[in-house]
Amino acid sequence: MPSNKSVSDAPIVQFTNCRILRDHQLQREDLWVREGRILNPEKLFFDEKGSADVQLDCKDSIIAPGFIDVQINGGFGVDFSLATDDFKSGIDLVSQKILSHGVTSFCPTLVTSPPSVYHQVLPQISVRNGGAHGAGILGAHLEGPFISKEKKGAHPEHCLRTFEAGAFQDLLATYGSLDCVQIVTLAPEMRRSSEVIQELTKRGICVSLGHSVANLSQAEEAVQHGATFITHLFNAMLPFHHRDPGIVGLLTSDKIPAGRRVFYGMISDGIHTNPAALRIAHRAHPKGLVLVTDAIAGMGLAPGRHTLGQQVVEIDGLNTYIAGTKTLSGSVATMDTCVRHFREATGCSVETALEVASLHPAQLLGIEHKKGTLNYDSDADFLILNDNLYVQATYIAGEEVWQQDVMGM
């Protein structure tokens, strides 16, 4: 066997007998991995005269990029909006458990909270790569407290805030630090929101519009100032109206700056969004759709009472309500469940169902050169799935980090 030593001592793994998702198509090709990256086999053969050290037969499975969840409030009894002394062990537990659902990277999400909670929790969140310890952390998603009282949803009203004279300074004082922050959800109709959107965007933070009563022109202005995302479309915003479609109208707006794409999150759990609404959004703007779980601490737990930040929630099947009300409060669906439901509800291709949970969130965050694809030189974070899109194994940086017990591979 020709030597690979000229370039690297690291072993080369070749995944064979598989269909890999590349360029929006499932292609019958092998996947080559070395040192946590996806290799170009032509370069390997012709430039290095190299070959595989290990071959793995995937038994005709699908290989797809790992899922990226940009809105997850917790799970398995852990609530990211609760300031606890063992917060780190909680985030570690969630990042470990979501590997079995195909999530290889995520944005831990904090709902509207008092400033003391942000000041205590945010310093304990650090951006890190995934591995056997769990999914990678891309940075925090801060959903609130600069949101509309009328569309607060499950967010506690007494913690809501508005922007005063020094708008961006208000935000900094509330959060304490933006060091590990990846996304901020705010209501664009609030006074002085434009300057805040511009400042956040300048710092490379994604601004999302949500929990809002904004009309379409307010939403368009926010996008012109740099906003690129909509938090859980249809939920916690004005309903679509034909004379002023509100934030929903961004999906087909002609006022989006050239070269810019507006993305929108959807909770595809069969509860938060009717399948017809999923279909309408997907058909109107397929390239912007990003699946999110919006999962709360009760994900993975038995029905009953759990928390979401400052509130008590009741779980009844897949329904989660603020205790004593019929206000929906996040979801208990897992990402792989959302992907399967989305495919069933929209009748879309397997490729599309996989990309709305991988490629699109990576594009939203501007990390598609390394995550969300199986392109050469990208991170080898990928899933092995069967034809019904059940996850059989999860890989991060080319290493298997979770495997279905009865996989038989």
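A polar contact is a pair of N or O atoms within 3.5 Å; within protein, one must be able to donate a hydrogen and the other to accept it, and residues adjacent in sequence count only if both atoms are side-chain atoms. The exercises below concern a predicted model, in which local features need pLDDT of at least 70 and side-chain atom pairs count only at pLDDT 80 or more, while totals for chains, interfaces and linings use all residues. Residues are numbered from 1 along each chain as its sequence is written, and side-chain values use heavy atoms, with hydrogens and water left out.

**Exercise 1. Describe the setting of serine 193.**

Step 1. Locate the residue: serine 193 belongs to helix α5, residues 193–202. Helices (H or I, at least four residues) and strands (E, at least two) are DSSP runs, numbered from the N terminus.

Step 2. Assess its accessibility. Buried means under 20% relative accessible area, exposed over 50%, and partly exposed in between (1.4 Å probe, protein chains only). Serine 193 has 3% relative accessibility and therefore counts as buried.

Step 3. List its neighbours, taking contact as heavy atoms within 4.5 Å. Beyond residues up to four places away in sequence, serine 193 touches Phe163, Ala187 and Pro188.

Step 4. Examine the side chain: one of its polar atoms lies 3.1 Å from the backbone oxygen of methionine 190.

**Exercise 2. Determine which face of helix α7 is buried, and what covers it.**

Step 1. Within α7 (residues 275–284), the buried residues include Ala277, Leu278, Ala281 and His282. Viewed down the helix axis, the buried residues fall within an arc of 130°, so they line one face of α7. The arc is that of the directions from the helix axis to the C-beta atoms.

Step 2. Turn to the other side of α7, where Ile280 and Arg283 are exposed.

Step 3. Identify the cover: the elements over the buried residues include β15 (263–266), β16 (289–291), α8 (335–346) and α9 (350–355).

Step 4. Inspect the start of α7, where a side-chain oxygen of asparagine 274 comes to within 2.8 Å of the backbone nitrogen of alanine 276.

**Exercise 3. Characterise the residue that UniProt lists as "active site".**

Step 1. The UniProt record, an unreviewed entry, gives Asp294 for this feature. UniProt positions are given in the numbering used here, feature names are shortened, and annotations may be inferred rather than shown by experiment.

Step 2. Aspartate 294 sits in the loop between β16 and β17 (304–308). Its relative accessibility is 6%, so aspartate 294 counts as buried.

Step 3. Setting aside neighbours within four places in sequence, aspartate 294 is in contact with Gln71, Asn73, Glu143, His232, Ile267, Gly330 and Ser331. With asparagine 73 there is a side-chain to side-chain polar contact of 2.8 Å.

**Exercise 4. Establish how many disulfides the model contains.**

Step 1. Apply the criterion that a disulfide is a pair of cysteine sulfur atoms within 2.5 Å. The count comes to zero.

Step 2. Check cysteine 107: it is in no disulfide, and the nearest cysteine sulfur, that of cysteine 206, is 8.6 Å away. At 0% relative accessibility, cysteine 107 counts as buried.

Step 3. Check cysteine 348: it too is in no disulfide, the nearest cysteine sulfur being that of cysteine 338, 13 Å away. Cysteine 348 counts as buried at 12% relative accessibility.

**Exercise 5. Describe the division of the chain into domains.**

Step 1. The protein chain is split into domain 1 (13–64 + 372–403) and domain 2 (66–365); these bounds come from an automatic or database domain assignment.

Step 2. The domain centres, taken over C-alpha atoms, are 30 Å apart. Across the boundary, 22 residues of domain 1 are in contact with 26 residues of domain 2.
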